[in-house]
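Q: I would like to learn how to read a ligand site and the pockets of a protein model. Where should I begin?

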Amino acid sequence: MAEDVSTYDSKFRRKSMYYPVKELTRKTIEDRLDFLSLSVSNKLVFVELDLSGLKLTNIDALAGYVHLQVLKLAHNSLTSLSVLSSLTNLIYLDVPHNRNHKLFDFSPPNNLREANYNHNVLAAIPVLTSYFTLTKLQLEYNNIRKISYGLLYCKQLTYLSLTGNNIRIIDNLQNLPLRVLLLAANDIQAISNLETLVHLEVLDLSRNAIKKLSGLQGHYYLTSLDMSENQIKSISEFQVLGKLPTLRSLSMQENPVCENTLYRNLIMATQPSLLLLDGRRLSVSEKVKAITYILPQRDIVSVRDRFVNSVYTFLQPLKIRPSTSGDRLLQYPFLILLGPLGSFKVPLINRLIEEFPGFWKKAKSYTTRSVRPNEAKGYHFTTLRQFEQLQQSGELIQTAQLYGQHYGLSWESIDQIAKDGYYPIAAMELEAILSLQLTHFRLYLIVAIPHDINIHRTRLETVLGLNEEIVQETLERRNLYFDYYNVDSGLFDMYINTGY
Ligand SMILES: Nc1ncnc2c1ncn2[C@@H]1O[C@H](COP(=O)(O)OP(=O)(O)OP(=O)(O)O)[C@@H](O)[C@H]1O
């Protein structure tokens with residue numbers, strides 16, 4: 001029987017596309033009733049009705065069809081739905097492409113779950129106290145200017161679409177269980193008041209005037225984000241993407257930032273779990289290339305550093321250097337104490353010099369960091385510009401960027417030590433060693449780290465007075481040394497616990 005009804009229905013629908021009716025009659029209704037089901041009073045009744053595309057202006061004839069649960073009225077010319085007050089069993093209401101200017105201008109049904117009012121002329125969202133059963137509300141392409149507090153009563157709302165309105169501020173959605181929020185093609189300038197929407201999975205903010213991505217952090221379930229056609233300019237905004245662990249699909253096209261040549265690589269490196277970027281599937285090899293390009297491994301950075309400094313040196317007139325002359329088989333030794341800040345490398349160096357006089361001399365590095373109050377002259381302090389000039393004139397053997405500053409060791413400081421008949425000794429970090437091991441020096445490497453992290457922390461905070469950010473970075477860098485030791489313990493000659 002169900003088959004008979006649906007065959008008849010589809011035939012009728014085809015016919016009605018060519019002959020839209022303006023006047024709704026009982027016959028039209030009964031011809032289009034569908035889906036037999038048991039009513040509350042145990043009677044077999046039709047519960048679905050599709051009156052789409054009939055150019056209707058009046059649906060008064062529907063009063064009395066109290067059993068209807070699904071009502072489809074798309075593509076008509078309706079200005080009011082007040083007759084639906086008698087349809088207390090309505091669960092699903094579909095009225096897109098009509099001329100309604102009031103949302104729900106009928107008494108609330110007992111259990112309305114979904115309503116589609118896309119492409120009407122609604123100007124506002126009323127207070128929806130009696131619509132707490134709604135789970136999906138579609139209000140696309142209306143004239144709504146504000147997300148009023150009226151929605152806050154819809155405590156089961158998981159899907160809200162307000163695409164194509166005139167909304168300027170995202171507001172009044174606090175604590176709703178929304179999983180899908182569509183706000184494309186509005187006038188929104190900033191991502192605001194989304195913090196409490198912790199269940200959000202899909203967010204569409206495309207075609208707005210948003211300049212920043214801040215406001216998105218903390219959305220641990222967000223899998224799809226559309227930010228295309230906005231005003232995002234700076235690549236620094238991408239940092240937020242790293243805080244969205246489940247993001248799989250991102251659209252960013254047609255933002256000013258897309259003109260940056262690093263755009264795609266940066267996004268892939270910041271959010272490696274992304275599967276779709278700007279509608280295109282990302283391959284694993286593409287992501288690996290991006291990560292290696294943007295966040296190269298320390299070894300690769302060091303090889304690059306060695307290469308760049310060698311080229312700059314080779315571009316200068318050839319020099320016989322005291323540290324390289326003599327017996328080519330007898331490599332010039334260089335003793336290095338390495339470890340993160342606060343490892344007390346320098347006091348150890350001073351002791352070694354004291355206990356083995358006439359043997360070692362400290363090799364001073366250049367640095368762009370500023371001099372600390374009462375600091376002994378352990379570095380040559382330079383501006384960034386001077387540092388770059390030194391490097392480009394081939395004067396530096398090795399450089400490294402640490403804690404936001406540049407450090408570099410010069411040929412001149414080593415050559416002077418060699419000329420004086422001493423061997424160089426220096427305090428450095430791992431990056432320097434990875435680069436220096438590619439030179440002609442015979443390195444002797446002593447790792448110095450306080451084993452007890454609490455002793456290390458106290459030293460950084462109270463003795464060195466470093467700020468929390470640097471303390472944190474330094475403590476994280478401890479693992480770098482432990483990891484290298486585990487993987488390649490032969491790299492180091494000695495390991496000392498300086499946590500005493
Ligand atoms: N040319 C270099 N290459 C790599 N690391 C370097 C170089 N010169 C110095 N370093 C290391 O850079 C880190 C940052 O130096 P900073 O001047 O901020 O502290 P510091 O007072 O030298 O610290 P510490 O006394 O622990 O060595 C230190 O661990 C230092 O040993």
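The dialogue below goes through the ligand, its shell and the two pockets.

Q: What kind of model is this?
A: The model is predicted.

Q: How many residues surround the ligand, and which are the closest?
A: Begin with the shell. Here 20 residues surround the ligand, and Lys 345, Arg 369, Tyr 379, Gln 398 and Glu 429 are the closest. Sorted by class, the shell holds eleven nonpolar, five polar and four charged residues.

Q: Which elements each supply at least two residues of that shell?
A: Shell residues can be traced back to helices and strands. In this model α6 (345–355), β18 (396–402), β19 (405–410) and β20 (423–428) each give at least two.

Q: Where do polar atoms of the protein approach an oxygen atom of the ligand?
A: Look at the pairs of atoms and their distances. A polar side-chain atom of Arg 369 is 2.7 Å from a ligand oxygen. For Lys 345, an N or O atom of the side chain lies 2.5 Å from an oxygen atom of the ligand. Gly 342 takes part through its backbone, with an N or O atom 3.2 Å from a ligand oxygen.

Q: How much of the ligand's area does the protein bury?
A: Compare the ligand taken alone with the ligand in place. Alone the ligand exposes 600 Å², and 91% of that is buried by the protein.

Q: Which pocket does the ligand take up?
A: Pockets are found from the protein atoms alone, and the ligand is then compared with them. The ligand takes up the space of the largest pocket, whose volume is about 1000 Å³.

Q: What lines the largest pocket?
A: The lining has 38 residues, with Val 346, Arg 369, Glu 375, Tyr 379 and Ala 427 nearest the centre. Two or more lining residues come from each of α6, β18, β19, β20 and α9 (430–436). The largest share belongs to α6, with five residues. By class, the lining divides into 21 nonpolar, eight polar and nine charged residues.

Q: How much space lies in the second largest pocket, and what lines it?
A: The second largest pocket holds about 780 Å³ of space. Its lining has 22 residues, and Val 301, Ala 400, Gln 401, Leu 402 and Glu 431 are the closest to its centre. Elements giving two or more residues to this lining are α5 (298–314), α7 (384–392), β18, α9 and α11 (468–487). Of these, α5 gives the most, six residues.

Q: How does the lining of the second largest pocket divide by class?
A: That lining has seven nonpolar, six polar and nine charged residues.

Terms used:
Residues numbered from 1 in each chain as written. Predicted model: local features only at pLDDT ≥ 70, side-chain atom pairs only at ≥ 80, totals over all residues. Heavy atoms only, no water. Near = heavy atom within 4 Å. Polar contact = N/O pair within 3.5 Å; in protein donor to acceptor, adjacent residues only side chain to side chain. Areas by Shrake-Rupley, 256 points an atom, 1.4 Å probe, with all protein chains shown as cover. 1 Å grid on protein atoms, 1.4 Å probe; cavity = no way out; pocket = protein on both sides within 12 Å on 5 of 7 lines; lining within 4 Å. Sits in = over half its atoms within 2 Å of the grid points. Helix = DSSP H or I, 4+ residues; strand = E, 2+ residues; numbered from the N terminus. Nonpolar A, V, L, I, M, F, W, Y, C, P; charged D, E, K, R; others polar. Points joined across faces, edges and corners; volume = space filled by probe spheres on them.
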